[in-house]
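Q: I'd like a close look at the enclosed empty spaces in this protein, and at what sits around them. Please walk me through it slowly.

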Amino acid sequence: MTGDRGSAALQAAQAHEEKIVRVLRDLIAIPAESGREGDRCERVRQEYEALGFDEVFFDDLGSVVGRIGSGDFKILFDGHIDCVGVGDVANWDFDPFAGKFENGEIWGRGAVDELPAIAAMAYGAKILKDGGIPDGISLYLTASVMEEDCDGYCMRHLIENEGIKPDMVVLGEPTNLDVYRGQRGRVDATITTRGVSAHGAHAERGVNALYKMAPIIADIEALNGRLAYDEFLGSGSVVVSCIECTTPSLNAVPDSARIFIDRRLTVGETREVVMEELRSLPHLGDAEVEIGSYDAVSWSGTRAQQEKYFPTWVLEEDHPLVQGVASAATEILGDKPEISRWSFSTNGVATMGLYGIPTVGFAPGREELAHTTEEHVSVEDLIKSTAVYSLIPEYLAP
């Protein structure tokens, strides 16, 4: 059973149910892949302003930033506003941009990853503001851009270019109302082999770059079976995710080949560990190993660049942020939430992975539904999460 404070927060969230549902459905209805989030960001800006936040603005990258309170202790609630594409629409049983509302559930692209958190965080902040934000706290909300393309970059920009460095961060990636405190990291790498082209009728005169690549791919498959293991995050992993080649024609020997590698990192695995592993592959020979780079322009026109290294991070279970968010959730849910971790990557690779800022996740929605044609969230969980967000700053106040 919830206590008096939890009951009051839940009642306040329930009073806003119609508006929270409307906002979520509005956001789903606006397509917004990475780099094209402008219209959806504008919708969030309008909502933040209507809710009476103390400050609302777009940062230079295009993320929407809202603030309530003016204390020195800064808490950040972050939800990324971009979503992956929908693929072949014929694979959907409904319009992915209709914001279908049926049997107490909202369906569509982004209905898990992670538009529900943006709507719920906004109204959680509204409830907190109406009740009085604790002294000494500033609560920032971000509807951040470009996460699906380059997780963490939006947080790097906020900290390095906008001068907003929070003391604690709560991410809105789906956790099914549990509290998540870490994730595996990632390196995106490439290996390139060089050959010599020749006519297919005289293949012996050339050097086939694809043939040079074949044993390297086998080496990588073997590598996956001997990577490090961590009790909490699990094993590291490596997979060849794509292969391409250059060739003068389909009747010629390829003169170069390149594979793309997705390397997931568990505890203790770093950029340096990955590069050493790849450079030590038995059949690498004279092949070139490189870490990928991200280079794109945001919807606002700002260029984003970084190496595709996303550090592993884990926050201790007894940390005040983990326990504070868990306590706030218990007030609403009645039972203590599970303490767990994500299988995929989040903006925490920057906040905790790069900067060491204590970070956790709490949000409605099931992680395994993200990026699928079955994305949906229950309104009941949407309202519960709103109430939890309204309580979290009270548990984190210094």
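How many cavities of 30 Å³ or more does the count come to?

A: The count comes to 2 cavities of 30 Å³ or more. Keep in mind that this is a predicted model. As for the idea behind the search, rolling a probe the size of a water molecule over the atoms shows where empty space is left.

Let's start with the largest cavity, which has a volume of about 50 Å³. Around it you'll find Val23, Leu27, Val44, Glu47, Tyr48, Ile118, Ala119, Ala122 and Tyr123. Three helices, α2 (17-28), α3 (38-50) and α4, each bring at least two residues to that lining. Helix α4 supplies the largest share, with 4 residues. Sorted by class, the wall has 8 nonpolar residues, no polar ones and 1 charged residue.

Glu47 is worth a second glance. Besides lining the largest cavity, Glu47 belongs to a network of salt bridges with Arg22, Asp26 and Arg43. Across the structure there are 27 salt bridges.

Tyr48, another residue of that wall, leads us into the largest nonpolar core. That core has 91 residues, and Tyr48, Phe77, Leu141, Val170, Phe362, Tyr389 and Ile392 touch the most other members. Helix α4 (residues 115-131) gives the most to this core, with 11 residues. Another core, of 22 residues, lies apart from it and includes Ala209, Ile220, Val238 and Leu284.

Leu141 ties several of these names together. If you skip neighbours within four places in sequence, Leu141 is in contact with Tyr48 and Ala122, among others, and both of those residues also line the largest cavity. Its other contacts include Phe53, Val64, Val65, Gly66, Leu76, Phe77, Met121 and Ala125.

Helix α4 has an outward-facing part to its story too. Asp130 and Lys126 pair up through their side chains in a salt bridge, 3.4 Å from N to O. The two are about one helical turn apart because they sit 4 residues apart in helix α4. Asp130 has a relative accessible area of 52%, so this residue counts as exposed, the cut-off being over 50%.

Now for the second largest cavity, which holds about 30 Å³ of space. Its lining is made up of Asp151, Gly152, Tyr153, Arg156, Gln306, Tyr309, Phe310, Pro311, Val349, Ala350 and Leu354. Two or more of those residues come from each of α5 (153-160), β18 (309-310) and α9. By class, you get 7 nonpolar, 2 polar and 2 charged residues.

Leu354 is a handy landmark on this wall. You'll find Leu354 in the loop between α9 (348-351) and β21 (359-361). Leaving out residues up to four places away in sequence, Leu354 touches Arg156, Pro311 and Val349, and those three residues also line the second largest cavity. Leu354 isn't buried, though: with a relative accessible area of 44%, it counts as partly exposed. To get your bearings between the two regions, compare Leu354 with Val64, one of the contacts of Leu141: Leu354 and Val64 are 290 residues apart in sequence and 22 Å apart in space, C-alpha to C-alpha.

Asp151 does double duty. This residue is part of the wall of the second largest cavity, and the open spaces come into view here as well, with the largest pocket at a volume of about 300 Å³. Of the 17 residues lining that pocket, Asp151 is among the closest to its centre, together with Glu148, Arg186, Ser345 and His371. The lining of the largest pocket has 3 nonpolar, 3 polar and 11 charged residues. For the wall of the largest cavity, by contrast, the split is 8 nonpolar, no polar and 1 charged.

One more open space to place on your map is the second largest pocket, with a volume of about 160 Å³. Strands β10 (185-194), β13 (237-246) and β14 (256-265) each contribute at least two residues to its lining. Strand β10 also holds one end of a salt bridge, where Arg194 meets Glu288 with the closest N and O atoms 3.1 Å apart. Those partners sit 94 residues apart, with Arg194 in β10 and Glu288 in β15 (residues 288-291), so the pair links distant parts of the chain. Both are partly exposed, Arg194 at 44% relative accessibility and Glu288 at 31%.

Note on methods:
Residues are numbered from 1 along each chain as its sequence is written. This is a predicted model: local features need pLDDT of at least 70, side-chain atom pairs count only at pLDDT 80 or more; totals for chains, interfaces and linings use all residues. Side-chain values use heavy atoms; hydrogens and water are left out. On a 1 Å grid over the protein atoms alone, a cavity is a set of points where a 1.4 Å probe fits but cannot get out, and a pocket is an open set with protein on both sides within 12 Å along at least five of seven lines; lining residues have an atom within 4 Å of a point. Grid points are joined across faces, edges and corners, and a volume is the space filled by probe spheres set on the points. Ala, Val, Leu, Ile, Met, Phe, Trp, Tyr, Cys and Pro count as nonpolar, Asp, Glu, Lys and Arg as charged, and the others, Gly among them, as polar. A nonpolar core is a set of buried Ala, Val, Leu, Ile, Met, Phe, Trp, Tyr and Cys residues joined through side-chain atoms within 4.5 Å. Buried means under 20% relative accessible area, exposed over 50%, partly exposed in between (1.4 Å probe, protein chains only). Contact means heavy atoms within 4.5 Å. A salt bridge is a side-chain nitrogen of Lys or Arg within 4 Å of a carboxyl oxygen of Asp or Glu.
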